[in-house]
Amino acid sequence: MLQVPAFRHEDEYWVAEPDGLTSRARMAEASGAYRSAVPPLIEDWAPVLAADIAADTEEAAAALGRFDAYARAVLGETSPSLGPMSSILLRTESTSSSQIENLTVGARQLALAELDQSTSDNARTVVANVHAMEAALDLADHLDTAAVLEMHRALLSGQRGWEHHAGQWRDQLVWIGTSSVSPRGASHVAPQAGLVPGAMEDLMRFVRRDDLPVVVQAAVAHAHFENIHPFSDGNGRTGRALVHAMFRAKRLVTCTTAPVSAGLLKDTDGYFAALSAYRDGDARPIVEQFSGAARFAAAAGARLIDDLAAQIEVSRDKMSGLRSQASAWKVLPHLLSHPVLNANYLSAQLGMGAQSAQNALGQLVDAGVLEERTGLRRNRVWQHPGILGVLDHFAQSLIRA
């Protein structure tokens with residue numbers, strides 16, 4: 001056991017309001033006494049780590065550090081592929097984080113959504129999660145409640161129907177259970193809304209400490225965040241974005257994004273059980289979950305870098321007949337972060353003129369690097385099938401696991 005202050009509970013009374021869908025009998029049962037959580041203060045928590053868990057977390061932190069160094073070594077600090085590779089790893093992590101919340105989207109639909117050409121609501125929601133992750137990393141040097149609100153604003157601003165909740169602490173009760181009209185019988189009733197701002201200030205003071213093992217600190221901060229449940233929606237995705245901000249702030253992972261959520265996705269039952277154990281006063285399960293997820297992220301992330309880099313090398317070989325000044329060479333590294341693109345992307349992001357963009361796409365198609373799959377005369381998009389295949393295979397391997 002790794003003891004942390006347990007969440008207390010306070011007695012409350014709920015008056016259920018009809019929703020037009022629930023029967024009168026169930027509505028009658030929905031009103032009555034219930035208990036909501038009261039978060040403890042953890043700013044000054046001092047962990048007493050058993051030898052095995054101390055060794056486990058040190059190993060996990062070292063694995064993440066090696067992964068970060070490996071990314072730099074393989075790609076090189078000045079490589080034009082480093083930025084795009086970091087972007088696609090961030091998108092992969094965002095996709096896994098969303099999948100924990102049962103938001104599933106394929107690599108092609110996600111890429112289309114980034115071009116604003118997807119009809120998938122899930123894809124647009126996952127793109128919003130990408131923006132939340134980007135905000136988290138941008139704000140890593142300013143980890144306070146304002147930063148968390150900004151992460152959440154980036155997330156929910158792109159989630160249809162929830163825009164007015166973006167970047168706002170919740171002003172109502174939330175719970176984890178099967179009833180939409182009552183917290184009675186829920187597995188977890190989050191703290192009353194009035195407790196959220198103070199609890200989050202305490203949590204962020206804990207986050208800013210620099211005297212704790214980073215993996216332990218990140219796991220505990222995440223579990224505490226999830227049990228406070230400070231937002232009306234998007235708590236899981238924002239809470240996992242916060243973990244990456246902490247890894248960046250503590251200089252554990254500096255040049256890319258380790259797919260930690262992919263590691264958590266391999267055992268979602270264990271992950272959710274660990275969050276429950278945390279609020280009962282035992283942080284060991286969530287620390288073990290994060291240690292395992294970190295080791296998985298380091299190993300799987302390195303393989304993903306290798307597989308994606310190999311696709312770029314294959315493409316480079318196919319383009320060997322092109323003159324060195326050909327505009328297609330400028331596009332090649334960016335296929336990592338945008339394996340589906342169009343002429344507008346090349347103009348907006350790479351500063352190409354309309355004719356140069358069309359020339360580059362034509363050169364990449366002629367070389368066998370890109371395919372045009374729409375068959376349309378307008379709104380055409382081109383894709384790199386090899387990179388999409390690598391990303392989809394990675395996602396499917398997590399589902400099979």
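Which residues of H5 are buried? In this predicted model, where residues are numbered from 1 along each chain as its sequence is written, local features need pLDDT of at least 70, side-chain atom pairs count only at pLDDT 80 or more, and totals for chains, interfaces and linings use all residues. Side-chain values use heavy atoms, with hydrogens and water left out.

The buried residues of H5 (under 20% relative accessible area, with a 1.4 Å probe and protein chains only) are Ala-123, Thr-125, Val-126, Val-127, Ala-128, Asn-129, Val-130, Ala-132, Met-133, Ala-135, Ala-136 and Leu-137. Helices are DSSP runs of H or I with at least four residues, numbered from the N terminus. H5 covers residues 121–138, and its end C-alpha atoms are 26 Å apart, in agreement with the 26 Å expected for 18 residues at 1.5 Å a residue; the expected span is 1.5 Å times one less than the number of residues. At the N-terminal end of H5, Ser-120 acts as a cap, with a side-chain oxygen 3.3 Å from the backbone nitrogen of Asn-122.

Helix H2 (residues 51–75) likewise agrees with its expected span: 36 Å for 25 residues, with the end C-alpha atoms 36 Å apart. Buried residues of H2 include Ile-53, Asp-56, Leu-64, Phe-67 and Asp-68.

Ser-97 lies in helix H3 (residues 82–100) and is buried, with a relative accessible area of 0%. Its side chain forms a polar contact of 2.7 Å with that of Arg-240; such a contact is a pair of N or O atoms within 3.5 Å, and within protein one must be able to donate a hydrogen and the other to accept it, while residues adjacent in sequence count only if both atoms are side-chain atoms. Leaving aside residues up to four places away in sequence, Ser-97 touches Asn-129, Met-133, Arg-237, Arg-240 and Ser-261, where contact means heavy atoms within 4.5 Å.

Two helix pairs involve H8. Helix H7 (residues 196–207) packs with H8 at about 175°, the axes being 10 Å apart. H7 is therefore roughly antiparallel to H8, a label for angles over 145 degrees. Residues of this contact include Phe-206 of H7 and Phe-225 of H8, and by class they divide into ten nonpolar, two polar and one charged. H8 (residues 214–228) and helix H11 (residues 268–279) pack at about 80°, with axes 9 Å apart. H8 is thus roughly perpendicular to H11, the term for 65 to 115 degrees. Among the residues in this contact are His-222 of H8 and Tyr-271 of H11.

Technical notes. Axes fitted to C-alpha atoms, helices over the stretch in contact; angles between N-to-C directions. Parallel < 35°, antiparallel > 145°, perpendicular 65-115°, else oblique. Buried < 20%, exposed > 50% of the residue type's maximum accessible area, 1.4 Å probe, protein only. Nonpolar A, V, L, I, M, F, W, Y, C, P; charged D, E, K, R; others polar.
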